[in-house]
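Biologist: I should be grateful for a close look at one part of this model. Please follow it with an account of the charged pairs.

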Amino acid sequence: MATNGTAKVCPAPMKATSNGSFQGDNPLDFALPLLILQICLVVVFTRTLALILKPLRQPRVIAEIIGGILLGPSAMGRSTKFLHRVFPARSMTVLDTVANIGLLFFLFLVGLELDIRAIRRTGKKSLGIAVVGITFPFVLGIGTSVVLRSTISKGVDHAPFLVFMGVSLSITAFPVLARILAELKLLTTDVGRMAMSAAAVNDVAAWILLALAIALSGDNTSPLVSVWVLLCGCAFVAAAILFLRPALAFMARRSLGGEPVNELYICITLSLVLAAGFVTDTIGIHALFGAFVVGIVVPKDGPYGEILIEKIEDLVSGLFLPLYFVSSGLKTNVATISGGQSWGLLVLVIFTACFGKIVGTVVVSRIFKVPKREAVVLGFLMNTKGLVELIVLNIGKDRKVLNDQTFAILVLMALFTTFITTPIVTALYKPARKIASYTHRTVQRRGPDSEFRILACFHSTRNIPTMINLIESSRGTRRGRLCVYAMHLMELSERSSAISMVHKARRNGLPFWNKKRTHKDQMVIAFEAYQQLSSVSVRPMTAISPLNSIHEDICTSAHQKQVAMILLPFHKYQRLDGVMESLGHSFHLVNQRVIRHAPCSVGILVDRGLGGTSQVSASHVSYSIAIPFFGGRDDREALAYGVRMAEHPGIKLTVINFVASPGKSLLDWNTGDGAATVQINEITQDGKEDDDQLFSEPNFTENESISYEKRVVEGKAGIVAKLTSMTNTNLFLVGRMSAVAELTERSDCPELGPVGSFLASSECSTTASVLVIQQYNPTANFSPLAEEEASELSDGPDDAQV
């Protein structure tokens, strides 16, 4: 086209694929290879930042926002060569399109996580906090918009700018808040429950306000257009409820738990997400609303919603969503904030946002008689921003309501308010961990007929058969006296499904699965089925935390439930060829931390298939159990547990009491760790009388299922020979800190102790499972995770209160 006698040539659109560099083509001049490079660069860069920020316990969204800003014109993009080569202007249409498709499906996932029924049940406190937490910042946003319009945003339409500013200051990021609360273990506290409920209400209100802002920000200045947009938007929501919801409910009912979902149903649902996005974009309220509404109307009962999350979450949140943050970062130029006026406005916006949210929340919380410290913490939690904030700002910039400088100021405000949340909440709020003290913390006890409580932890279905068979063997003849808390250990990840699991835990107040749910965890079902077949009381639980802190959930739950023993799976499992393979160092550290902090005895189960790969019924239990006894507190605990198991008619217990020959010591052959020998010696030497007393008790001497052998050995060779010769043994019970030196040349598992390390190693040819037991020692120098109340000791809580 010609203008004033000069020709303006538009750049040719990018072709999709190149012919290759050998044909003389530069791959970066073509859309597909350039997009691949952009995705790889963004993912690597943002994940690296997330690792750097992980010690600060920041949510990943912070790393993605910072990464987007750093790749944009604020930092690396200052190099025009880098910007024109990696993010050229003509590639932005493709990048923005892919990013928005990812965002479309991500908001579908957000809608899946929001349960409108739960929002309707929101209490007065949370509703009041949500209403004031939106209204007060919105009003302050109006005042701030007046200041900005008179300085750096002159000439913009008044009504759209006012609404966009109000919305951007009043938003609370629901998914980001859930992540922060989960990291800080506040989800099951009163503060966490109020914050999540208020944030859910806030999230829905923010989308309604954003729809209003978009309707007002069209190019057509006629108010009738905005009215038509809003009316059509309401009609779309009504149509989704009346027509889409029944269709989705039909597909959800046809998708049964434990069976593969019809691929056609998944295809139809994902296509509906895109179609709904097309309809809302045609109406003029952005395609994201359609996807969000479809996510909300998908039935939350049953496995269908969870299967949808599993199908798309990794691809969307892992690859496509970071592109949206980069797309936003490329529009953010911090250099536009220059001069005293601009920096003063940035401070004003940050102050207004924080003041509105925090003060408004604190005031209404105090009206509802929330304690001062908790009210302040609630204020900072409700001030969390995130992805929705960026969506609002990007829509405002695309619609030319926000200019470059205002956009940069608001992005930095969102980044700052979210970044300060975790450190401030950590400093201000440490929920009381005072828990009532209790008596029965060990298997060895004075009241043998009192209820025996076990907290059995498991990672996956691999642990369950042996764990259930061990529990069945522990039942003995004292029917109704064994209570098992079956805790499923689940790692809290960045995945959306992790947040939905968090909601399940939060709804119960403690890390318990909802007993009334229609779709149950398959691993929990195994324990519930066992309960129906036996007289053992089984109570399923779940702990959802990062692996570096999940030991806190285990130990705190053990204290709250007043259990006598925590059963943990060993971090290695046996392959078909007999080699022990590790599940990962993180699981190894979990066991070590529980050993250090446990408020009761601990057992680590090295699983080699006790009873096979399936649950064994009570009438078919037939196990040979051996206890190598060397003396000491932990060996006595193992013996007490073995004596209890020997009450079961299908159990044969063999106790081998190893004694050093005259003039010899079982500690003589220690080859390197003298400190460990001294520690074992100190622990065990003062308990010889207790050892002898245990062997003389009636439940030991009068039980025909127990055989006792006193074996005099010269040293390590005699012990190893005896242990390896016991080929018919199904289970070894051993004390962790036995009065014996190391039986292996080298061990990387100090939590198993000298005997357990040998029996679990490849040096020992046994096929028996091993349970390594550490007895609770109140005088040991351990670090309790909960402070006990100064109250009378009790035998256990009332079952009705559990």
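Is Leu410 buried or exposed, and what is its relative accessible area?

Modeller: This is a predicted model, and the description that follows should be read in that light. Leu410 is buried, its relative accessible area being 1%; the cut-off for that class is under 20%. The residue belongs to helix 17, which comprises residues 404-419. When the neighbours within four places in sequence are left aside, the contacts of Leu410 are Met165, Ser168, Leu169, Val349, Glu389, Leu393 and Leu402. One of these contacts, Met165, is 245 residues from Leu410 in sequence, yet the two C-alpha atoms are 8.9 Å apart in space.

I turn now to the charged pairs. The count of salt bridges comes to eight. One of them links Arg85 and Asp29, with 3.3 Å between the closest N and O atoms. Arg85 is part of helix 3 (residues 80-86), whereas Asp29 sits in the loop between strand 2 (6-7) and helix 1 (31-53); the pair therefore ties together parts that lie 56 residues apart in sequence. Both partners fall in the intermediate class of accessibility: Arg85 is partly exposed at 36% relative accessibility, and Asp29 is partly exposed with a relative accessible area of 28%.

A further site is centred on Glu709, for which two salt bridges may be described. In one, Arg711 pairs with Glu709, and the closest N and O atoms are 3.0 Å apart. Arg711 has a relative accessible area of 33% and is partly exposed, while Glu709 is likewise partly exposed, at 25%. In the other, Lys722 pairs with Glu709 at a closest N to O separation of 3.5 Å. Because Lys722 lies in helix 28 (residues 716-725) and Glu709 in strand 12 (residues 706-713), this pair ties together parts that are 13 residues apart in sequence. Lys722 itself counts as buried, with 16% relative accessibility.

Shared partners also matter to the description of the earlier pair: salt bridges join Asp29, Arg85 and Arg90 into one network.

To return to the residue of your request, Leu410 is a buried residue of relative accessible area 1%, located in helix 17, and its contacts beyond the immediate sequence include Val349 and Glu389.

Key
Residues numbered from 1 in each chain as written. Predicted model: local features only at pLDDT ≥ 70, side-chain atom pairs only at ≥ 80, totals over all residues. Heavy atoms only, no water. Salt bridge = Lys/Arg side-chain N within 4 Å of Asp/Glu carboxyl O. Helix = DSSP H or I, 4+ residues; strand = E, 2+ residues; numbered from the N terminus. Buried < 20%, exposed > 50% of the residue type's maximum accessible area, 1.4 Å probe, protein only. Contact = heavy atoms within 4.5 Å.
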